[in-house]
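Student: I have a model open beside its sequence, and I would like to learn how to read its strands and helices with some care. Could we go through it together?

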Amino acid sequence: MNILYDERLDGELPANDKQQVLERLQHALPSLTLLHREEDLRPFECDGLSAYRVLPMLVALPDTLEQVEQLMRTCHDMGVPVVTRGAGTGLSGGALPLEQGVLLVMSRFKQILEVDPDARVARVQPGVRNLAISEAAAPYGLYYAPDPSSQIACSIGGNVAENAGGVHCLKYGLTVHNVLKIEVITIEGERMTIGSDAFDSPGFDLLALFTGSEGMLGVVTEVTVKLLPQPENAKVLMASFDDVEKAGKAVGDIIAAGIIPGGLEMMDKLAIKAAEDFVHAGYPMEAEAILLCELDGVEADVDDDCDTVRGVLEGAGAIDISLARDDAERARFWAGRKNAFPAVGRMAPDYYCMDGTIPRRELPRVLKGIAALSEESGLPVANVFHAGDGNMHPLVLFDTNKPGELELAEEVGGKILELCVEAGGSITGEHGVGREKINQMCTQFQPDEITVFHAVKAAFDERRLLNPGKNIPTLQRCAEFGAMHVHNNELPHPDLPRF
Amino acid sequence: MARQHQDMAEALCERVRQADHDKTPLKIVGGDTKAFYGRRVEGDILSTRDHHGISHYDPVELIISVRAGTLISELEAALDAEGQRLPFEPPHFGESATVGGMIATGLSGPRRPWAGSVRDFVLGSRIITHEGKHLRFGGEVMKNVAGYDLSRLMAGAQGTLGLLTEVSLKVLPKPTATHSLRLAMPLASALESLAEWGRQPLPITAAAYHDGALHLRLEGGPSSVAATRERLGGDVLDDEFWTQLREHQLPFFADTDERPLWRLSLPNNTPALELETRSDTDVLYDWGGAQRWVRTSIDGRSLRDAVATAGGHATCYTPGASDPFMPLAPSVAKYHRRLKATLDPNGIFNPGRLYAEV
């Protein structure tokens with residue numbers, strides 16, 4: 001399976017002469033930084049999904065919004081595709097360049113324009129790093145809630161494009177719940193304000209539509225986020241289990257007890273070992289699974305909740321429960337989880353990170369399915385799980401240098417996602433579809449649903465010049481990709497040729 | 001009394017297909033409690049009332065899926081039985097209010113600034129397209145970023161983009177403690193205090209100012225509610241106040257007042273606007289000042305200009321208003337028209353309800 005753009009399956013792209021495009025852009029935008037030599041383009045050939053690399057035709061690094069506007073207008077006129085990129089940390093290839101396209105890099109827009117502690121909002125440019133917002137808000141006792149693990153590097157424009165999550169989503173929501181307003185520039189070079197500084201805006205909720213739209217509808221040029229008061233107190237309980245299923249059940253029991261933890265994370269044996277070897281977080285190596293449960297809020301409530309959760313965990317059969325004694329130990333417990341990906345990365349030359357979501361009750365069944373796939377393929381799989389909100393991150397370990405292993409890892413990954421869809425879940429909880437899961441979209445959605453997505457796209461970008469080939473597959477691709485969505489036992493679109 | 005579950009999706013699909021074929025506009029009606037909220041629609045009435053029932057409720061997963069014709073009161077009763085609730089506290093405006101109308105109008109109650117709005121709790125939906133196809137977007141999981149978020153787009157779209165038949169919502173447990181209180185103080189002090197408290201992790205979940213007093217609701221664990229109650233003092237307020245505010249049953253909202261009723265939505269921490277000080281104007285502050293109910297004789301245009309300057313928008317709640325919703329910026333309006341044209345090319349879904357052109 002190759003996920004690079006395939007004109008036969010993803011639609012024809014306009015053929016433009018690189019030299020002509022370069023000259024036209026240089027003429028229209030003499031002050032714009034435009035990279036065109038191979039050695040300058042090389043650093044931009046991939047995003048966080050580094051297994052796939054494509055040299056863009058050109059890279060544009062604008063400094064002003066006027067340049068972005070003019071760039072979009074010119075590309076629209078010439079019919080040149082545009083792929084937008086922020087910090088390039090995305091894990092689904094959403095910013096994978098196109099050979100025939102311009103890569104628009106927004107990283108120079110990195111100013112925090114305003115922090116208003118009384119209104120509890122921050123207005124920032126799209127290249128501002130996620131963590132930098134919380135750092136700027138900290139002197140006022142405020143923070144920005146969504147905290148993807150890449151938060152030291154990822155930028156807010158990309159967070160909006162992907163509807164980024166993190167480990168505190170169950171209680172504090174995703175990006176879509178924490179953004180008030182965005183400024184965008186459309187492919188036609190038109191500026192638009194979506195949302196407002198108030199809690200709502202007249203008309204359609206375009207803010208919800210744009211959040212998570214993966215750069216397919218417009219370019220985000222400014223973001224106003226909500227800030228929350230920092231919780232007065234946070235405590236973390238770590239519980240070990242001799243059985244993964246018991247840990248999974250404990251998650252449901254905590255929520256059934258009426259507690260919504262700030263964070264509720266689960267790791268299996270392989271992930272525990274990797275994290276422990278890497279950061280020495282103090283995890284129990286003999287456990288089959290651990291749960292990390294963070295309770296935050298006003299101190300007295302946190303203490304009450306800690307007692308309740310401890311009781312629930314004991315009842316669920318935890319073999320050991322420890323409470324982080326101080327902030328240092330709490331940080332250490334979290335360090336293991338937040339570094340789980342690089343930790344697992346030390347166990348094999350490569351890993352492939354999945355992002356499926358499932359109803360929590362399906363956890364035991366899905367974990368068994370993953371174990372079976374791992375055994376069958378011979379590739380180890382470590383499981384890291386945002387247990388509270390049902391978001392799994394199975395990490396498939398492999399070695400690209402061994403012939404066929406990348407393909408095998410992708411096959412295992414694809415089957416894991418199909419397992420998630422079958423369990424009533426989704427192929428992606430927070431990493432996005434991008435290019436990586438383009439085929440699995442055909443498993444999750446029927447052709448009629450995909451047709452509606454194309455209609456939405458057409459309303460904003462009729463000529464499909466913005467990030468073509470990402471997020472929404474063509475019906476041709478779905479017809480060719482084996483796993484058709486069979487609805488009511490009827491094969492959809494019987495008129496399309498199948499090979 | 002809860003009615004029998006009923007799945008009328010097939011019949012609704014057929015009805016929509018026919019309307020699309022004949023290019024006959026449909027006026028979508030649930031409990032007909034929020035007809036005042038929006039422009040008048042001319043079309044054949046399509047009722048969602050017979051498509052009702054809770055199709056799936058899993059309290060441990062914190063999700064519920066419910067058909068559009070279900071009464072909000074039925075939905076709330078089912079949640080209540082499990083110690084859960086809809087955190088966004090939707091107004092009913094009548095006993096017959098349905099879930100479809102709740103999503104379509106996108107209205108939220110006093111808890112909104114702290115808990116989130118209707119759309120924040122939408123996880124998935126089933127929608128009948130103009131071609132009469134019954135499709136599914138989103139789902140019953142907390143996190144799902146596959147494809148565009150059409151489910152949340154439906155919230156507040158007033159049925160102009162498709163026929164919503166079912167919605168999946170995130171629900172939350174009720175807090176273990178609640179206390180409402182009333183503090184007599186001038187408006188300026190109230191707004192100042194709210195800004196200060198907003199930066200602190202206090203368990204405030206409603207804040208309204210009217211008649212010389214700040215009304216607050218505290219919700220959370222018993223310890224934090226008790227501690228905050230002690231810190232803030234004030235007189236005990238009946239929790240029913242919040243229901244009356246949500247349902248517009250306070251005397252302020254009485255029909256006997258002939259001045260139009262406006263809803264202003266403003267940024268947090270917006271001071272009193274000049275128009276609020278006029279002698280022909282009365283104001284009730286909700287959402288900590290971010291939502292203001294205004295009775296005034298000032299003309300709509302001047303009011304909207306003032307509100308827009310402050311970064312907000314104004315909606316006219318008086319039935320029969322010709323333009324209840326604030327006009328959109330030209331570029332935004334253009335994409336509204338385009339979305340409408342691609343999703344409802346024959347203009348059959350509630351045409352003109354939101355704006356003349358959508």
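Tutor: What follows is a walk through sheets, packed helices and one buried residue, and you should keep in mind throughout that this is a predicted model.

Student: Let us begin with a single strand. Which residues of strand β4 of chain A lie on one side, and which on the other?

Tutor: The general idea is that in a regular strand the side chains alternate between the two faces of the sheet. In strand β4 (residues 102-105) of chain A, A:V102 and A:L104 lie on one side while A:L103 and A:V105 lie on the other, and as all four are buried, both faces of the strand are covered.

Student: In what sense do β2 and β3 of chain A pair with that strand?

Tutor: Strand β2 (residues 58-61) of chain A pairs with β4(A) in the parallel sense over 3 bridges, with A:L58 standing opposite A:V102. Strand β3 (residues 82-85) of chain A also pairs with β4(A) in the parallel sense, here over 4 bridges, and A:V82 is the residue that stands opposite A:V102.

Student: Now a whole sheet. What is the order of the strands in the open sheet of chain A that has antiparallel pairing?

Tutor: The order of these 5 strands is β5-β6-β10-β8-β9. The edges are β5 and β9 (191-195) of chain A, each of which pairs on one side only, and the twist from one strand to the next averages 15°. Within this sheet, β6(A) and β10(A) are joined in the antiparallel sense by 4 bridges, and A:V121 stands opposite A:K226 in β10(A).

Student: Which strands of that sheet does α5(A) touch?

Tutor: Helix α5(A) packs on the sheet by touching β5, β6 and β10 of chain A, and its direction makes about 45° with that of β5(A). Its buried residues are A:N130, A:A132, A:I133, A:S134 and A:A137, and these pack against β5 (112-116), β6 (121-124), β7 (142-143), α6 (156-162) and β10 (219-226) of chain A. Another helix, α4(A), lies across β8 (179-185), β9 and β10 of chain A, running at about 55° to β8(A).

Student: What is the strand order of the open sheet in chain B?

Tutor: That sheet has 5 strands in the order β3-β4-β8-β6-β7, with antiparallel pairing. Its edge strands are β3 (54-58) and β7 (134-138) of chain B, and neighbouring strands are turned by 15° against each other on average, direction ignored. Strand β6 (residues 122-128) of chain B is joined to β7(B) by 5 bridges, with B:I128 opposite B:H134. Helix α1 (residues 9-22) of chain B lies across β6, β7 and β8 (163-170) of chain B, at about 60° to β6(B), whereas helix α2 (residues 72-80) of chain B touches β3, β4 (63-67) and β8 of chain B, with its direction at about 25° to that of β3(B).

Student: How should I read two helices packed on one another, and which residues of α2(A) meet α4(A)?

Tutor: An α-helix has 3.6 residues a turn, so residues three or four places apart point the same way. Helix α2 (residues 18-28) of chain A and helix α4 (residues 65-78) of chain A have axes 10 Å apart and pack at an angle of about 145°, in a right-handed crossing. From α2(A), A:Q20, A:V21, A:R24, A:L25 and A:A28 meet A:Q70, A:L71, A:T74, A:D77 and A:M78 of α4(A), a contact that by class holds 5 nonpolar, 3 polar and 2 charged residues.

Student: Finally, is A:I450 buried or exposed?

Tutor: A:I450 counts as buried because its relative accessible area is 0%, and the cut-off for that word is under 20%. The residue sits in helix α18 of chain A, a helix that is mostly covered, with 11 of its 14 residues buried. Leaving aside neighbours within four places in sequence, A:I450 is in contact with A:M441, A:C442, A:F445, A:I472, A:P473, A:L475 and A:C478.

Key: Residues numbered from 1 in each chain as written. Chains lettered and ligands numbered in written order. Predicted model: local features only at pLDDT ≥ 70, side-chain atom pairs only at ≥ 80, totals over all residues. Heavy atoms only, no water. Buried < 20%, exposed > 50% of the residue type's maximum accessible area, 1.4 Å probe, protein only. Pairing = 2+ DSSP bridges. Axes fitted to C-alpha atoms, helices over the stretch in contact; angles between N-to-C directions. Contact = heavy atoms within 4.5 Å. Left-handed = near helix turned anticlockwise from the far one by under 90°. Nonpolar A, V, L, I, M, F, W, Y, C, P; charged D, E, K, R; others polar.
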